[in-house]
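Visitor: I have a structure open and a few quick questions about it. Can we go through it piece by piece?
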Amino acid sequence: NVSAKVSEHGVVRYFDTWLLDGQARRLQLVDLATKKTTDLTPRQERRFTYSDSVTYDVSPDGKWIALAAATNPPPFRDNENRDVYLVSVERPDAPWKNLTTDNPNSDDNHRFSPDGRTLLFGRGVRARGLSEQTRLMRVELATGRITRLAAAADLAPQDWEFSDDGKTVFFRAEDRGRTKI
């Protein structure tokens, strides 16, 4: 038996999964006491990324979710461009706020600061960028101002986290063939 799938989309399969099913992924809020569920992404009409993954972080006050989603429109023939969006937990039907429209490459791996006023994220500087081409960035949520951190260091940061007081950022990076924190 032979079966075939036909599509105009540039991405039709990711490893062992066909991406032609028209499904959209959702983030759900579950109230453990009442078992009530709320769809936090009702406006999402497709998968978040080509790989069908979703990365997100919840603000310390629980009112916002930062998530990465591909901005590429169908038929998905270009390199994937993920942007970081701010999604309201209290008003999930409200439009998402794109925090990283200025970058034609992917932005991802976001982390809220302990006070919830800023967000760290990784900025890809090349299409299909590798981790050594990632820049550590911070966006001030009130103003939208984006700043590159550790710009003078010849490092490719990964796995960044704020200290508990939010005054220090920890990350690991390869330096002269060794991975350091």
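**Strands and a cavity**

Guide: Trp64 stands opposite Ser88 in strand 7. Keep in mind that this is a predicted model.

Visitor: How do strand 6 and strand 7 pair, and over how many bridges?

Guide: Strand 6 and strand 7 (residues 82-88) pair in the antiparallel sense, over 7 bridges.

Visitor: And strand 5, how does it pair with strand 6?

Guide: Strand 5 (residues 56-58) pairs with strand 6 in the antiparallel sense as well, over 3 bridges. Within that pairing, Val58 has Ile65 of strand 6 as its bridge partner.

Visitor: What links strand 5 and strand 6?

Guide: Strand 5 and strand 6 form a hairpin, with 5 residues between them. Gly62 lies in the turn and has a positive phi of about 75°.

Visitor: In what order do the strands of this sheet run?

Guide: The order is 5-6-7-8, in an open sheet of 4 strands with antiparallel pairing. Strand 5 and strand 8 (97-98) are at the edges with a single partner strand each, so each has one side without a neighbour in the sheet.

Visitor: How many bridges hold strand 8 to strand 7?

Guide: Strand 7 and strand 8 pair over 2 bridges, in the antiparallel sense. There, Leu86 stands opposite Lys97 in strand 8.

Visitor: Back to strand 6. Why call it largely enclosed?

Guide: Because 6 of the 7 residues of strand 6 (residues 64-70) are buried, the rest of the structure largely encloses that strand.

Visitor: Different topic: Asp107. Where is it, and is it buried or exposed?

Guide: Asp107 belongs to strand 9 (residues 107-112). Asp107 is buried, at a relative accessible area of 0%; the cut-off for buried is under 20%.

Visitor: What does the side chain of Asp107 have a polar contact with?

Guide: The side chain of Asn103, at 2.9 Å.

Visitor: Which residues further off in sequence does Asp107 touch?

Guide: Leaving out residues up to four places away in sequence, Asp107 touches Ala68, Arg82, Asp83, Val84, Thr100, Phe121, Gly122, Arg123 and Gly124.

Visitor: Last thing, cavities. How many of 30 Å³ or more?

Guide: A search of the whole structure gives 1 cavity of 30 Å³ or more. The largest cavity has a volume of about 50 Å³.

Visitor: What lines the largest cavity?

Guide: The lining consists of Arg135, Leu136, Arg148, Leu149, Ala150, Ala153, Leu155, Pro157 and Phe171. By type, the lining has 7 nonpolar residues, no polar ones and 2 charged ones.

Methods
Residues are numbered from 1 along each chain as its sequence is written. This is a predicted model: local features need pLDDT of at least 70, side-chain atom pairs count only at pLDDT 80 or more; totals for chains, interfaces and linings use all residues. Side-chain values use heavy atoms; hydrogens and water are left out. Buried means under 20% relative accessible area, exposed over 50%, partly exposed in between (1.4 Å probe, protein chains only). A polar contact is a pair of N or O atoms within 3.5 Å; within protein, one must be able to donate a hydrogen and the other to accept it, and residues adjacent in sequence count only if both atoms are side-chain atoms. Contact means heavy atoms within 4.5 Å. On a 1 Å grid over the protein atoms alone, a cavity is a set of points where a 1.4 Å probe fits but cannot get out, and a pocket is an open set with protein on both sides within 12 Å along at least five of seven lines; lining residues have an atom within 4 Å of a point. Grid points are joined across faces, edges and corners, and a volume is the space filled by probe spheres set on the points. Ala, Val, Leu, Ile, Met, Phe, Trp, Tyr, Cys and Pro count as nonpolar, Asp, Glu, Lys and Arg as charged, and the others, Gly among them, as polar. Two strands pair if DSSP finds at least two bridges between them.
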